[in-house]
Amino acid sequence: MRMTREVDYALRIVAMLSKTGTQIEARQIAHKNDIPYRFALKILRKLVQSEIVKSSRGVNGGYSLNKSASEISLKDVIEALDGPIAVNHCIELPEICDNTGVCPIRRKLLSAQKKFADELASVNFKEIAGEME
């Protein structure tokens, strides 16, 4: 399983907003994180739709966190961009497999996925911002 570049950029954006605690213009977010501007806008739109980030229009407009950094986890941001975490298709779509009730591989993958998702949910952006230089 590999994170998409979009998720990687979203994590950086939320970390930046968590660290600064202020509203930042989209061009500045893109520039400071070395993200193409249009791609940053697309990511910011998804973060706004998921209510992780809020936007303000106008001359003094920009983006800021919509809630406290301590209330936003790595899992929240990943799922805002990519949807629910699923390590295999049979977990995401159990109807594609005839063995879902008895498959030992699926059971082990479900267990691993739960541990992974729980770990991502346990890390919040207040912690991350505190560790940033």
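I take helices as DSSP runs of H or I with at least four residues, numbered from the N terminus. On that basis I place Gln113 in helix H6, residues 104-122. The model I am reading is predicted.

**Entry: Gln113**

I looked up whether Gln113 is buried or exposed. Its relative accessibility is 13%, so I count Gln113 as buried. The cut-off for buried is under 20%. Next I asked which residues Gln113 touches beyond its neighbours within four places in sequence. I found Ile85, Ala86, Val87 and Ile91.

**Entry: the whole chain**

I then stepped back to the chain. I count 7 helices and 2 strands. Reading from the N terminus, I get the order α-α-α-β-β-α-α-α-α. The two strands therefore follow the third helix in that order. The C-alpha trace spans about 60 × 30 × 25 Å along its principal axes. The chain has 133 residues, and 36% of them are buried. I also checked the contacts with a separation of 6 or more. Of these, 62% join residues 24 or more positions apart.

**Entry: helix H1 by itself**

H1 covers residues 5-20. I wanted to know how its length compares with what 16 residues should give. At 1.5 Å a residue, the expected span is 22 Å. The end C-alpha atoms of H1 lie 23 Å apart, which agrees.

Which residues of H1 are buried? I noted Glu6, Val7, Tyr9, Ala10, Leu11, Ile13, Val14, Ala15, Met16, Leu17 and Ser18. I then looked for what covers them. The cover includes helices H2 (26-32), H3 (37-49), H4 and H7 (125-131). Strands E1 (53-56) and E2 (62-65) are also part of the cover. Just after H1, I found Gly21 with a positive phi of about 70 degrees.

**Entry: H1 against H4**

For packed helices I record the angle between the axes and the distance between them. H4 covers residues 74-82. The axes of H1 and H4 come within 9 Å and cross at roughly 135 degrees. That angle makes H1 oblique to H4. The crossing is right-handed.

I listed the residues that make this contact. From H1 they are Glu6, Val7, Ala10, Leu11 and Val14. From H4 they are Leu74, Val77, Ile78, Leu81 and Asp82. Sorted by class, the H1 contact with H4 has 8 nonpolar, no polar and 2 charged residues. The spacing of such a list has a general background: an α-helix has 3.6 residues a turn, so residues three or four places apart point the same way.

**Entry: H1 against H3**

H1 and H3 pack at about 75 degrees, with their axes 10 Å apart. I therefore note H1 and H3 as roughly perpendicular to each other. On the H1 side I found Arg5, Glu6, Tyr9, Ala10, Ile13 and Val14. On the H3 side they meet Phe39, Lys42, Ile43, Leu44, Lys46 and Leu47. By class, the contact of H1 with H3 has 8 nonpolar, no polar and 4 charged residues.

**Entry: H3 against H4**

What is the angle between H3 and H4? I read about 110 degrees, with the axes 9 Å apart. That makes H3 roughly perpendicular to H4. The crossing of H3 and H4 is right-handed. Ile43, Lys46 and Leu47 of H3 meet Val77, Ala80 and Leu81 of H4. The class count for the H3 contact with H4 is 5 nonpolar, no polar and 1 charged.

I went back over the names. Ile43, Lys46 and Leu47 of H3 are also listed in the contact with H1. Val77 and Leu81 of H4 are also listed in the contact with H1.

**Entry: positive phi outside glycine**

I looked for residues other than glycine with a positive phi. Asp34 is one of them, with phi near 55 degrees. Asp34 sits in the loop between H2 and H3. Its relative accessibility is 65%, so I count Asp34 as exposed.

Glu51 also has a positive phi, about 65 degrees, and is not a glycine. Where is Glu51 found? I traced Glu51 to the loop between H3 and E1. Glu51 is exposed, with a relative accessible area of 52%.

Definitions and conventions. Residues are numbered from 1 along each chain as its sequence is written. This is a predicted model: local features need pLDDT of at least 70, side-chain atom pairs count only at pLDDT 80 or more; totals for chains, interfaces and linings use all residues. Side-chain values use heavy atoms; hydrogens and water are left out. Axes are lines fitted to C-alpha atoms, for helices over the stretch in contact, and angles run from 0 to 180 degrees between N-to-C directions. Angles under 35 degrees count as roughly parallel, over 145 as roughly antiparallel, 65 to 115 as roughly perpendicular and the rest as oblique. A crossing is left-handed if the near helix is turned anticlockwise from the far one by less than a right angle, and right-handed if clockwise. Contact means heavy atoms within 4.5 Å. Ala, Val, Leu, Ile, Met, Phe, Trp, Tyr, Cys and Pro count as nonpolar, Asp, Glu, Lys and Arg as charged, and the others, Gly among them, as polar. The expected span of a helix is 1.5 Å times one less than its number of residues. Buried means under 20% relative accessible area, exposed over 50%, partly exposed in between (1.4 Å probe, protein chains only).
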